[in-house]
Amino acid sequence: MNRGSEGSLGPAKWVISHGVDEHPSYVVTPSDVPEWPGTPPTIGVTPATMTERFDFLVVGAGPCGIAVGAAAARVGASCALFDKGCVTASIVDYPYYMSFFSTARMLEIGNVPFTIPNDKPTRREALAYYRYVVDHWDLDVRQYERVEQIEGSVGGFTVHTRSMDGVAHIYAADRVVVATGGFHEPNLLGVPGEDSVKVRHYYKEPYEYYDQDVLVVGGRNSAVESSLELFRNGARVTLVHFEPTIDSGVKSWVVPDIQNRLDKGEIASYFRHRVVEILPKSVRLRSEVDRTEVEVANDFVVAMTGWRANPSLLTAMGVEIDPDTGKPVHDPATMETNVPGVHIAGVIAAGHDANKIFIENGREHGELIVGSG
Ligand SMILES: Cc1cc2nc3c(=O)[nH]c(=O)nc-3n(C[C@H](O)[C@H](O)[C@H](O)COP(=O)(O)OP(=O)(O)OC[C@H]3O[C@@H](n4cnc5c(N)ncnc54)[C@H](O)[C@@H]3O)c2cc1C
């Protein structure tokens with residue numbers, strides 16, 4: 001990476017060599033390039049040629065993708081990471097003032113200490129830390145380059161990417177690791193009016209909601225914490241959740257605060273209710289108990305209903321998805337899927353239950369994958 005950091009970073013503990021230096025690179029002439037699906041490369045730009053190959057090519061530079069890169073660097077394997085956004089793009093999109101529920105120690109990857117004055121890091125501390133891990137291991141991260149298609153087989157994968165300028169690129173890899181996370185597609189409410197500009201599936205900060213009627217949908221940490229932050233910054237908050245109470249997994253130190261606000265009516269609540277329609281100045285909610293409906297004044301809807309993984313890169317390669325769990329079929333000892341040479345890392349391995357894999361346990365996938373390669 002071309003970094004603008006101040007001073008010398010110092011050497012990484014291991015020398016890493018990248019594909020071009022270590023392996024005889026081979027160039028595919030334009031006539032050999034497979035026909036490209038979708039948007040053609042920008043006019044006037046030379047068609048993509050394959051110029052680099054890697055032992056491991058990782059799709060996604062979130063914490064778990066970075067952990068794969070660090071594991072590869074430790075053994076001197078060539079590895080490149082590709083991200084459609086920046087390094088740790090998912091965390092960049094988290095609420096600005098959030099703190100992790102995990103301690104810094106539990107979020108460490110690549111044997112790089114995460115030292116902060118408090119036990120639980122903030123989003124900004126985590127962003128700085130993971131960027132430092134990339135620097136420390138001198139990882140080859142190609143930011144703003146989306147992986148669009150992978151074909152081939154173990155020892156000979158061809159990976160098609162497109163950079164932000166619209167140019168198509170092709171790389172070769174012995175093994176590919178899909179670490180695309182589970183934060184990029186929201187679980188939709190599926191109700192009329194959800195496409196309105198007043199509906200948000202990602203919550204960042206409370207200030208735009210001052211003196212507004214805000215409906216927060218959900219009962220987990222994201223819903224509870226955004227409700228409290230909105231309440232403390234001048235929004236009139238109503239919480240709606242289809243269960244009878246907030247989720248049992250809500251951070252223990254947050255529970256008394258939300259419970260007091262609910263008990264005092266400072267945050268209005270409709271438990272055992274669902275949103276049935278979003279209108280310009282109101283929302284309609286329906287009771288799960290007796291099906292009666294209520295219309296509540298509303299300016300904004302903050303739908304904290306979770307997000308889901310997109311396994312389309314995997315399924316296009318023939319990776320099977322368990323229809324019940326949504327998990328890609330894989331061996332947990334090596335994270336290799338039913339397609340030899342195709343591995344998964346991080347939260348994408350969790351299927352529908354994204355809360356079962358997070359950084360704390362997904363960080364271990366890198367060593368399992370590289371150790372098996
Ligand atoms: C508010 C909040 C708080 C959390 N707190 C904690 C906590 O305290 N402790 C904990 O352990 N976990 C926590 N988590 C969960 C944790 O952040 C995720 O489990 C973690 O980010 C998963 O890492 P990952 O590398 O698997 O995926 P991600 O971090 O989502 O990274 C996936 C990357 O893949 C990229 N990508 C996707 N598709 C493509 C493509 N086709 N081509 C190229 N790049 C692509 C994305 O841009 C993204 O950068 C929290 C999550 C949220 C939302």
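The following paragraphs lead the reader through a predicted model, from a sheet and its helix to a pair of hairpins and the surroundings of a ligand. Residues are numbered from 1 along each chain as its sequence is written. Because the model is predicted, local features need pLDDT of at least 70 and side-chain atom pairs count only at pLDDT 80 or more, whereas totals for chains, interfaces and linings use all residues.

Helices and strands are DSSP runs (helices H or I, at least four residues; strands E, at least two), numbered from the N terminus. One open sheet holds five strands in the order β8-β15-β9-β10-β11, with parallel pairing; two strands pair if DSSP finds at least two bridges between them. Its edges are β8 (199-200) and β11 (268-271), each of which pairs on one side only. Within this sheet, four bridges link β9 and β15 in the parallel sense, and V217 has A303 of β15 as its bridge partner.

Helix α5 lies across β9, β10 and β15 and runs at about 165 degrees to β9. For such angles, axes are lines fitted to C-alpha atoms, for helices over the stretch in contact, and the values run from 0 to 180 degrees between N-to-C directions. The helix comprises 12 residues (221-232), which at 1.5 Å a residue should span 16 Å, and its end C-alpha atoms are indeed 16 Å apart; the expected span is 1.5 Å times one less than the number of residues. Of these 12 residues, 10 are buried, among them V224, L228 and F231. A residue is buried if 20 or more other C-beta atoms, placed from the backbone, lie within 10 Å of its own. The buried residues of α5 pack against β9 (213-217), β10 (236-241), α6 (255-263) and β15 (300-303), contact being defined by C-beta atoms, placed from the backbone, within 7 Å. After α5 comes G234, with a positive phi near 85 degrees.

Elsewhere, β4 and β5 are antiparallel and joined by eight bridges. They form a hairpin with two residues between them, and G155 in the turn has a positive phi of about 85 degrees. Strand β5 also runs antiparallel to β6 (residues 168-178), through six bridges. T158 is the bridge partner of E151 and stands opposite A172 in β6.

Strand β4 (145-153) also leads to the ligand, since α2 (63-74), α3 (89-92), β4 and α8 (359-362) each supply at least two residues of its shell. The ligand is surrounded by 33 residues, the closest being G60, G62, F100, G181 and G346; a residue is near a molecule if its C-beta atom, placed from the backbone, lies within 6 Å of it.

Note on methods
Two residues are in contact if their C-beta atoms, placed from the backbone, lie within 7 Å.
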